[in-house]
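Let's walk through a few questions about this model together. Have a look at the sequence and structure first.

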Amino acid sequence: MTFTLDNRSRNKESSLTQALRQIQELNSKIQELEQQHQDYVHQQQNLIPAIAEICVSPMQEVQALRILIHRGEAACRQYLRSVLVKQRKDS
């Protein structure tokens with residue numbers, strides 16, 4: 001009888017230890033995702049001044065912001081490069 005109770009206690013302790021480890025892993029993953037999100041937002045915010053500087057018309061600015069929102073930073077940078085190339089060709 002004592003052996004059975006000891007075994008149950010160990011199983012409960014093992015389950016609690018496992019649950020605690022999983023909670024710690026989830027908290028670590030949450031912190032990592034929060035940092036990635038902050039980095040992503042920061043990168044996007046850095047593009048706003050570039051959009052204002054490069055785009056010569058309100059329509060270009062709107063298009064750049066739409067691309068940034070819907071397709072992301074890389075696509076927005078590509079669009080801004082194409083605007084710069086077009087401006088150079090026109091001048």
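**Salt bridges and the core**

K29 has a relative accessible area of 42%, so K29 counts as partly exposed (buried is under 20%, exposed over 50%, partly exposed in between, with a 1.4 Å probe and protein chains only). This is a predicted model, where local features need pLDDT of at least 70, side-chain atom pairs count only at pLDDT 80 or more, and totals for chains, interfaces and linings use all residues. Residues are numbered from 1 along each chain as its sequence is written, and side-chain values use heavy atoms, with hydrogens and water left out.

Q: Which residue forms a salt bridge with K29?
A: A salt bridge needs a side-chain nitrogen of Lys or Arg within 4 Å of a carboxyl oxygen of Asp or Glu. Here the closest N and O atoms are 3.8 Å apart, and the partner of K29 is E32.

Q: Is E73 buried or exposed?
A: E73 meets R77 in a salt bridge, 2.9 Å from N to O. R77 is partly exposed at 35%. With a relative accessibility of 18%, E73 is buried.

Q: Which element gives the most residues to the largest nonpolar core?
A: Such a core is a set of buried Ala, Val, Leu, Ile, Met, Phe, Trp, Tyr and Cys residues joined through side-chain atoms within 4.5 Å. This one holds 12 residues, including L47, I67 and Y79. Helices (DSSP runs of H or I, at least four residues) are numbered from the N terminus, and α1, α2 and α3 each give two or more residues. The top contributor, with 5 residues, is α3.
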